[in-house]
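Work through the exercises below with the model open. Try each task before reading its solution.

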Amino acid sequence: MQFSANKPVLFSSVINWQRFPRSPNNYGVANELSLSQELSLLHYLLPAVRKIGVIYNPSINQERINQARAQMAELGLTIAEQTLTEPLQLDELLQQLLPTVDALWLIADPTVLSDKDSVEKSVYGN
């Protein structure tokens with residue numbers, strides 16, 4: 001997606017907006033909690049959860065995972081990461097990851113959650 005650097009861009013209700021190229025003329029409102037709020041809420045609601053698994057495409061979410069690593073460490077949580085570049089890898093990665101973690105953290109990643117079937121596999125393990 002290419003925008004003119006001279007024209008202002010206004011976005012609204014965008015999830016994971018940080019992954020898009022930005023310029024000083026970009027403004028908007030995200031449709032998500034901040035990462036620190038999200039992780040603190042998860043820790044508060046599920047205090048027994050210590051190891052959290054996540055599957056992500058590094059070309060889309062590496063920055064978010066880097067930030068999550070640091071914030072999870074502050075909360076006493078451990079992150080178990082699996083990287084995915086092709087949606088066809090999802091079954092294998094879920095089978096490897098799920099037995100080793102207390103919870104699976106689903107983030108906005110179109111490679112991981114590419115269609116209804118991939119969402120159901122991630123959520124229900126089917």
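A nonpolar core is a set of buried Ala, Val, Leu, Ile, Met, Phe, Trp, Tyr and Cys residues joined through side-chain atoms within 4.5 Å. Keep in mind that this model is predicted.

**Exercise 1. The cores**

Task: Find which residues of the largest nonpolar core touch the most other members. Then find which elements each supply at least two residues of this core.

Solution:
- Step 1. The largest nonpolar core has 15 residues. Those touching the most other members are I52, V54, I65, M72 and W105.
- Step 2. Three elements each supply at least two residues of this core: α1 (35–45), β3 (51–56) and α2 (58–74).
- Step 3. Take M72 and set aside residues up to four places away in sequence. M72 then touches L39, I52, L77, T78, I79 and W105.
- Step 4. There is also a second, separate core of nine residues. Among them are A80, L90, V101 and V112.

**Exercise 2. The overall build**

Task: State how many helices and strands the protein has, and in what order they run.

Solution:
- Step 1. Count the elements: four helices and five strands.
- Step 2. Read from the N terminus: β-β-α-β-α-β-α-β-α.
- Step 3. Turn to burial. Of the 126 residues in the protein, 29% are buried.
- Step 4. Consider the contacts with a separation of 6 or more. Residues 24 or more positions apart account for 60% of them.

**Exercise 3. Two helices**

Task: Describe how α1 and α2 cross, and which residues meet.

Solution:
- Step 1. The two axes, of α1 and α2, come within 10 Å. They cross at roughly 45°.
- Step 2. Because of that angle, α1 is oblique to α2.
- Step 3. The handedness of the α1 and α2 crossing is right-handed.
- Step 4. From α1 come L35, S36, E38 and L39. They meet R64, Q67, A68, Q71 and M72 of α2.
- Step 5. Sort the residues of this contact by type: four nonpolar, three polar and two charged.

**Exercise 4. One helix residue**

Task: Decide whether L35 is buried or exposed, and list what L35 contacts.

Solution:
- Step 1. Locate L35 in helix α1.
- Step 2. Its relative accessible area is 6%, so L35 is buried. The cut-off for buried is under 20%.
- Step 3. Leave aside neighbours within four places in sequence. L35 is then in contact with R64, Q67, A68, Q71 and W105.
- Step 4. Check L35 against A68. They are 33 residues apart in sequence. C-alpha to C-alpha, L35 and A68 are 7.0 Å apart in space.

**Exercise 5. A strand residue and a loop residue**

Task: Place I55 and G76, and classify the exposure of I55 and of G76.

Solution:
- Step 1. I55 lies in strand β3. G76 lies in the loop between α2 and β4 (78–83).
- Step 2. I55 has a relative accessible area of 5%, so I55 is buried. G76 has 45%, so G76 is partly exposed.
- Step 3. Leave aside neighbours of I55 within four places in sequence. The contacts of I55 are then Q82, L84, L90, L93, L94, L97, I107 and V112.
- Step 4. Compare chain separation with C-alpha distance. I55 and T83 are 28 residues apart along the chain, with 5.6 Å between their C-alpha atoms. G76 and R50 are 26 residues apart along the chain, with 7.3 Å between their C-alpha atoms.

Conventions: Residues numbered from 1 in each chain as written. Predicted model: local features only at pLDDT ≥ 70, side-chain atom pairs only at ≥ 80, totals over all residues. Heavy atoms only, no water. Buried < 20%, exposed > 50% of the residue type's maximum accessible area, 1.4 Å probe, protein only. Contact = heavy atoms within 4.5 Å. Axes fitted to C-alpha atoms, helices over the stretch in contact; angles between N-to-C directions. Parallel < 35°, antiparallel > 145°, perpendicular 65-115°, else oblique. Left-handed = near helix turned anticlockwise from the far one by under 90°. Nonpolar A, V, L, I, M, F, W, Y, C, P; charged D, E, K, R; others polar.
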